[in-house]
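Q: Please take one part of this structure and walk me through it closely, step by step. After that, I would like to know what surrounds that part and which places in the backbone deserve a second look.

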Amino acid sequence: MSLELVSILDPSGKAQRGKAPNLPDEELRKLYRLMVQTRVMDDRGLALQRQGRIGFYLQSTGQEASHIGAAYALADSDWLFPAYRQPGILLLRGVPFEDIVAEWYGKAADTSKGRQMPVHYSFRRANFVSISSPIGTQLSQAAGAGMAARIRGDDTVFMTFCGDGGTSSNDFHCGLNFAAVYKAPVVFVVENNGYAISVPSAHQTASESMAIKADAYGMPGVRVDGNDVLAVYRVCKEAVDRARKGDGPTLVESVTHRMASHSSSDDAARYRDAEEYEAWKKKDPIHRFQQHLKHKKLWDEAFESECWEGAKAALGEAIKQVEAGPDPAPETMFEDVYMNPTRQLREQKAELDDLIAKGGTGAEVGHFPL
Ligand SMILES: Cc1ncc(C[n+]2csc(CCOP(=O)(O)OP(=O)(O)O)c2C)c(N)n1
């Protein structure tokens, strides 16, 4: 196994000779546009939370190349079992801003009907499995789905993500062990972004890297520069091809940095040195890829403005539309789980019906304390 950090783009955005994947110009521009759209969404999402318009937000700033590059290696028919810091994959899979924003607001148009925390997306039509709050559980879900596909004999590949903190979860062991033993077609992507809330990754493990853990499970492990979209794509494409051929899972450690705080409920300035932040800011994955496009003469001001301003305008429009849309009717909270509701649920529903009959909206029952 190789523990060197795989990279293609140097800090100035130049590709090392012979290493860049052979992608058409339009695809390179598409990757850039997706990273910019993701950043725009993140900036606006946090602002909406600060304005009190949504309850919670969680940014992926600095990790755009890491998750978009990884998921770009999949076929549309492949499946994703994400953590909560990969929103760019939704854009890659064609989910419109309106549908993403409806989830932030928990509106009637939200695919989860407002039952999940903001940014805990679930998009069946994008093969994007509902984000699990308990850390790491998606890893064993992906292993199980991969084992099922192998038994069925289809060639679907499953990609799942966790953070450096996620490698300390029980499900990391369970997921990697089962996937390796049963040669499940799974790509495990660990986005090592330096922190698990306030715990630095150096305190997370005594291993010399996250990728080296693959060796013990009997699968290949690769470390890649997570701020280099082309390198992440290339490494993940090899892993996806391996999985599809029936050669089993791969562990990819994508080395990146969480530029924002953990979430809108956190303040990273309380535990992260300013110098560390500044050093990573210079490695911004969007800036680096922009430099690459400039070297390849694929970038100009008009394209730049189309990416940023186009995304801001489309997102602004989506927010307007979503804010004007209806909330889920309160009684919908009792739907979709039991065919025959339990006695307790019937009693709670009667209580809610009573409140609504008296002119309440259901909100009196209380808000989830975020
Ligand atoms: C089982 C479990 N324990 C604790 C938490 C609280 N928690 C939420 S996010 C988080 C940190 C996760 O860090 P990491 O896996 O590195 O991902 P990152 O947030 O850096 O992307 C923790 C401890 C949880 N959601 N689930």
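A: Two strands are said to pair if DSSP finds at least two bridges between them. With that criterion in hand, the part to look at is the sheet of this predicted model, and within the sheet strand 4 is a convenient place to begin.

The sheet is open and is formed by six strands in the order 1-7-8-4-3-2, with parallel pairing. Its edges are strand 1 (5-6) and strand 2 (79-81), each of which pairs on one side only. As general background, the strands of a sheet pair through backbone hydrogen bonds, in either a parallel or an antiparallel manner.

Strand 4 covers residues 186-192, and seven of its seven residues are buried. Val-186, Phe-188, Val-190 and Asn-192 point to one side of strand 4, while Val-187, Val-189 and Glu-191 point to the other, and the residues of both sides are buried. The word buried rests here on a count, since a residue qualifies if 20 or more other C-beta atoms lie within 10 Å of its own.

One neighbour of strand 4 is strand 3 (residues 158-163), and the two pair in the parallel sense over six bridges. Within this pairing, Cys-162 is found opposite Val-190 of strand 4. To get from strand 3 to strand 4 the chain passes through helix 6 (residues 170-181), and the resulting β-α-β crossover is right-handed. Strand 3 also pairs with strand 2, again in the parallel sense, over three bridges, and there Leu-80 has Met-159 of strand 3 as its bridge partner.

Strand 4 is also joined to strand 8 (residues 250-255), with which it runs parallel over six bridges. Two positions help to place this pairing by eye: Val-187 has Thr-250 of strand 8 as its bridge partner, and Asn-192 stands opposite Val-255. Strand 8 is mostly covered, for six of its six residues are buried. Thr-250, Val-252 and Ser-254 make up one side of strand 8, with Leu-251, Glu-253 and Val-255 on the other, and both faces are covered.

Strand 8 pairs in turn with strand 7 (residues 221-225), in the parallel sense and over five bridges. Here Asp-225 stands opposite Val-255, the residue that also faces Asn-192. The chain travels from strand 7 to strand 8 by way of helix 8 (residues 229-245), in a β-α-β crossover that is right-handed. Helix 8 lies across strand 1, strand 4, strand 7 and strand 8, and runs at about 170° to strand 8.

From helix 8 the view can move outward to the helices. Helix 10 (residues 285-295) has Pro-285, Arg-288, Phe-289, Gln-290 and His-292 as its buried residues, and what covers these residues includes helix 1, helix 2 and helix 8. After helix 10 comes Lys-297, with a positive phi near 60°.

Helix 1 (residues 25-50) and helix 2 (residues 64-71) also pack against each other. Two packed helices are described by the angle between their axes and by the distance between those axes. The axes of helix 1 and helix 2 come within 10 Å and cross at roughly 130°, and the two helices are therefore oblique to each other. Their crossing is right-handed. Helix 1 contributes Leu-31, Leu-34, Met-35, Thr-38 and Arg-39 to the contact, and helix 2 contributes Glu-64, Ala-65 and Ile-68.

Two loop positions remain for the second look at the backbone. Most residues other than glycine have a negative phi. Asn-127, in the loop between helix 4 (97-105) and helix 5 (137-152), instead has a positive phi near 50°. This residue counts as partly exposed because 18 other C-beta atoms lie within 10 Å. Asp-336, in the loop between helix 11 (301-324) and helix 12 (343-357), likewise has a positive phi, near 75°. With 10 other C-beta atoms within 10 Å, Asp-336 is exposed.

Technical notes:
Residues are numbered from 1 along each chain as its sequence is written. This is a predicted model: local features need pLDDT of at least 70, side-chain atom pairs count only at pLDDT 80 or more; totals for chains, interfaces and linings use all residues. A residue is buried if 20 or more other C-beta atoms lie within 10 Å of its own, exposed if 12 or fewer, and partly exposed in between; C-beta atoms are placed from the backbone. Helices (H or I, at least four residues) and strands (E, at least two) are DSSP runs, numbered from the N terminus. A crossover is right-handed if, with the strands pointing away from the viewer, the path from the first strand over the helix to the second runs clockwise. Axes are lines fitted to C-alpha atoms, for helices over the stretch in contact, and angles run from 0 to 180 degrees between N-to-C directions. Angles under 35 degrees count as roughly parallel, over 145 as roughly antiparallel, 65 to 115 as roughly perpendicular and the rest as oblique. A crossing is left-handed if the near helix is turned anticlockwise from the far one by less than a right angle, and right-handed if clockwise. Two residues are in contact if their C-beta atoms, placed from the backbone, lie within 7 Å.
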